[in-house]
Amino acid sequence: MDAYADDIEKVLIKADEIQAKLVEMGEQITRDYEGRKLLLIGVLKGAFVVMADLSRALTIHCRMDWMAVSSYGSGSQSSGVVRILKDLSTDVTGLHVLLVEDIIDTGLTLSYLVSNLRSRGPASLNVLTVFRKPEAARNPVDITYVGFDIPNEFVVGYGLDYDGLYRNLTSVGALSPHVYS
Ligand code: PRP
């Protein structure tokens with residue numbers, strides 16, 4: 001039984017393509033951070049999937065911590081005003097921080113998180129996202145590691161949800177209109 005088969009209009013990125021990209025990014029990050037104290041910070045909830053795969057694609061030591069934020073706004077439109085729902089339990093002073101996101105859409109959440117984390121005095125701060133939507137390109141924040149540039153469609157899977165569902169899909173697909181209309 002596949003509870004999701006009817007709900008996905010088309011698969012945009014297959015599971016094995018995502019896994020291959022994570023392995024590639026993991027190898028790059030292993031090279032870039034060798035000999036450094038690396039802290040991965042995942043942004044809940046969606047980033048739990050990429051954190052699990054990325055961390056296991058690394059062959060260097062890393063620590064992990066989590067933040068949960070909520071963005072004020074109307075409907076799905078984010079406003080740029082972000083509230084911290086769960087903060088880190090790690091002091092990032094002197095650590096090499098890699099912020100791990102599932103998706104950057106408007107980039108507003110990222111802008112807030114980067115300036116917030118930078119103020120805490122990490123040794124360095126970089127950003128990884130698995131998916132990036134076109135509008136994010138207008139954001140001034142540098143993203144060091146980008147998995148896939150994707151079109152501005154309503155996508156779910158690999159951590160991305162609709163109404164809390166579909167995060168556990170291994171591929172990423174566009175949702176059929178019948179689900180939300
Ligand atoms: C997603 C994603 C980012 C944010 C990006 O989280 O993980 O944090 O949206 O959007 P932006 O670039 O427009 O600011 P979401 O708010 O969907 O929360 P979730 O991970 O709990 O689903």
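Biologist: In this predicted model, how far is an oxygen atom of the ligand from a polar backbone atom of Gly 107?
Modeller: Gly 107 is listed among the closest residues to the ligand. From its polar backbone atom to an oxygen atom of the ligand, the distance is 2.7 Å.

Biologist: Which residue places a polar side-chain atom 2.5 Å from an oxygen atom of the ligand?
Modeller: Gly 46 offers a backbone N or O atom, 2.9 Å from a ligand oxygen. The contact at 2.5 Å instead uses a polar side-chain atom, and that atom belongs to Thr 106.

Biologist: How much of the ligand's area does the protein bury?
Modeller: Among the polar contacts to the ligand is the one from the side chain of Thr 106, at 2.5 Å. Taken alone, the ligand exposes 500 Å². Of that area, the share buried by the protein is 77%.

Biologist: Which element gives the largest share of the shell around the ligand?
Modeller: The shell has 15 residues, divided into 4 nonpolar, 5 polar and 6 charged. At least two residues come from each of strand S5 (96-104) and helix H3 (108-118). The largest share is 4 residues, and the element supplying them is S5.

Biologist: Which peptide bond is cis, with omega near 0 degrees?
Modeller: Most peptide bonds are trans. The loop to inspect lies between strand S2 (38-44) and helix H2 (48-56), and Lys 45 sits in it. The cis bond runs into that residue, from Leu 44 to Lys 45.

Biologist: Is Tyr 158 buried or exposed?
Modeller: Tyr 158 is in the loop between strand S8 (155-156) and strand S9 (172-175). Its phi is positive, about 50 degrees, although Tyr 158 is not a glycine. Because its relative accessible area is 2%, and the cut-off is under 20%, Tyr 158 is buried.

Biologist: What is the relative accessible area of Asp 163?
Modeller: Asp 163 lies in the loop between S8 and S9, and its phi, near 55 degrees, is positive in a residue other than glycine. Most residues other than glycine have a negative phi. Asp 163 is exposed, with a relative accessible area of 66%.

Biologist: Arg 167 is in the loop between S8 and S9; is Arg 167 buried or exposed?
Modeller: Arg 167 touches residues that include Lys 45, Gly 46, Phe 48 and Val 49, as well as Tyr 158. Its relative accessible area is 16%. Since the cut-off is under 20%, Arg 167 counts as buried.

Biologist: How many residues does the largest nonpolar core have?
Modeller: Its members with the most contacts inside it are Ile 29, Val 50, Leu 98, Leu 128, Phe 131 and Tyr 158. The elements giving two or more residues to this core are helix H1 (15-32), S2, H2, S5, strand S6 (124-132) and strand S7 (145-149). Another core lies apart from it, with 21 residues, among them Val 82 and Leu 113. The size of the largest core is 27 residues.

Biologist: Which elements do the buried residues of H2 pack against?
Modeller: The buried residues of H2 are Val 49, Val 50, Met 51, Asp 53, Leu 54 and Ser 55. One of them, Val 50, is also among the residues with the most contacts inside the largest nonpolar core. The elements packed against are H1, S2, strand S3 (63-71), S5 and S6.

How values were computed
Residues numbered from 1 in each chain as written. Predicted model: local features only at pLDDT ≥ 70, side-chain atom pairs only at ≥ 80, totals over all residues. Heavy atoms only, no water. Buried < 20%, exposed > 50% of the residue type's maximum accessible area, 1.4 Å probe, protein only. Near = heavy atom within 4 Å. Polar contact = N/O pair within 3.5 Å; in protein donor to acceptor, adjacent residues only side chain to side chain. Areas by Shrake-Rupley, 256 points an atom, 1.4 Å probe, with all protein chains shown as cover. Nonpolar A, V, L, I, M, F, W, Y, C, P; charged D, E, K, R; others polar. Core = buried A, V, L, I, M, F, W, Y, C linked by side-chain atoms within 4.5 Å. Contact = heavy atoms within 4.5 Å. Lists of a residue's contacts leave out its neighbours within four places in sequence.
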